[in-house]
Amino acid sequence: MGYEKLEADHLDALKELGNIGAGNAVTALSTFLNTEINMEVVEAKLATFNEAANIFDSPEKEVAGVYLAISGDLKGHVLYLWPVQSAKAIAGMLMGMSPDELEFDEMTMSAISEIGNIMSGSYITALSSFTGMTFELSPPAVAIDMNSALLDGIISLTAVGDKVLIIQTSMIAYGIRIAGVLVVLFEPDSLLKLLESIGMGV
């Protein structure tokens, strides 16, 4: 079963889970960086792959992505994406450096990977608390590429349909605006189990 077969109530429930998870992820990042983070916008919505590819204006937009596989009671995939300037900004906060000083070397990629791991992990932890299910995440994999290329990579891992759950975040920390998108894709059977766990069985 794919997202396109869900009714409006099911979609609203998934969006609400996305909002809860995104809020927890921002709180975790604020704690990790030991600084206040103002979250300007958090929106969770279902999008076609084409819409997701254009979320940063162009499928060819260069982005940094951190991917983790979900296992345990549910199986799926999460991919956190930032435009490269936002990725440098968020890595710079962790490394105590200006984004303009950073190249995508091993240290910067490690910092981006760690932040993506924390934010994705917080989202999944919130989902676990809400549903009572147990999840595990794979070690993070980080890459720099076009937005469409990274999305194609996650889409090729499942045949769940033509839509994904995307959670857009826009935060300000240290006076720097950081745009990011968390892409969530569950395997068909897992999507059914998730909805059943919150009393929204199909």
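**View 1. I166 and V183 face each other where strands β6 and β7 meet.** Welcome to this predicted model; we start in the sheet. I166 sits opposite V183 of β7, and elsewhere T169 stands opposite G180 of β7. Strand β6 covers residues 163–173 and pairs with β7 in the antiparallel sense, over 9 bridges. How many residues lie between the strands in the hairpin of β6 and β7? There are 2, and in this hairpin Y174 takes a positive phi near 55°. Of the 11 residues of β6, 8 are buried, so the rest of the structure largely encloses this strand.

**View 2. Strand β7 also pairs with β3.** Here the neighbour is β3, residues 76–83, which runs antiparallel to β7 with 6 bridges between them. If you would like a pair of residues to centre on, take V78, whose bridge partner in β7 is V184. Is β7 largely enclosed or open? Strand β7 spans residues 176–186, and 8 of its 11 residues are buried, so it is largely enclosed by the rest of the structure. As general background, side chains in a regular strand alternate between the two faces of the sheet.

**View 3. The largest nonpolar core brings together 45 residues.** Which residues have the most contacts inside this core? They are L29, W82, M119, Y123, L127, V184 and F186. Helix α1, residues 8–33, gives the most to the core, with 8 residues. A good place to zoom in is L29: beyond its neighbours up to four places away in sequence, L29 touches I37, I90, I115, M119 and M171. Another core lies apart from the largest one; it has 18 residues, including A52, A53, L150 and L151. It is a general tendency in soluble globular proteins that nonpolar side chains are buried together.

**View 4. T108 is a buried residue of helix α4.** The helix covers residues 106–131. With a relative accessible area of 0%, T108 is under the 20% cut-off, so it counts as buried. What does the side chain of T108 reach? It comes to 2.7 Å from the backbone oxygen of E103. Leaving out residues up to four places away in sequence, T108 touches A91, M95, L102 and E103.

**View 5. Helix α6 turns one face inward.** In this helix, residues 188–197, the buried residues are S190, L191, L194 and L195. Seen down the axis of α6, these buried residues fall within an arc of 135°, so they line one face of the helix. The general rule is that an α-helix has 3.6 residues a turn, so residues three or four places apart point the same way. What do the buried residues of α6 pack against? Their partners are α1, α4 and β7. On the face turned away from the buried side, look for the exposed residues D189 and E196. Just after α6, G199 takes a positive phi of about 70°.

**View 6. M146 of strand β5 meets a stretch of residues distant in sequence.** The strand covers residues 141–146. Is M146 buried, exposed or partly exposed? Its relative accessibility is 34%, so M146 counts as partly exposed. Setting aside neighbours within four places in sequence, M146 is in contact with P59, E60, K61, E62 and V63. M146 and S58 are 88 residues apart in sequence, while their C-alpha atoms are 9.0 Å apart in space.

Key: Residues numbered from 1 in each chain as written. Predicted model: local features only at pLDDT ≥ 70, side-chain atom pairs only at ≥ 80, totals over all residues. Heavy atoms only, no water. Buried < 20%, exposed > 50% of the residue type's maximum accessible area, 1.4 Å probe, protein only. Helix = DSSP H or I, 4+ residues; strand = E, 2+ residues; numbered from the N terminus. Pairing = 2+ DSSP bridges. Core = buried A, V, L, I, M, F, W, Y, C linked by side-chain atoms within 4.5 Å. Contact = heavy atoms within 4.5 Å. Polar contact = N/O pair within 3.5 Å; in protein donor to acceptor, adjacent residues only side chain to side chain. Arc of directions from axis to C-beta.
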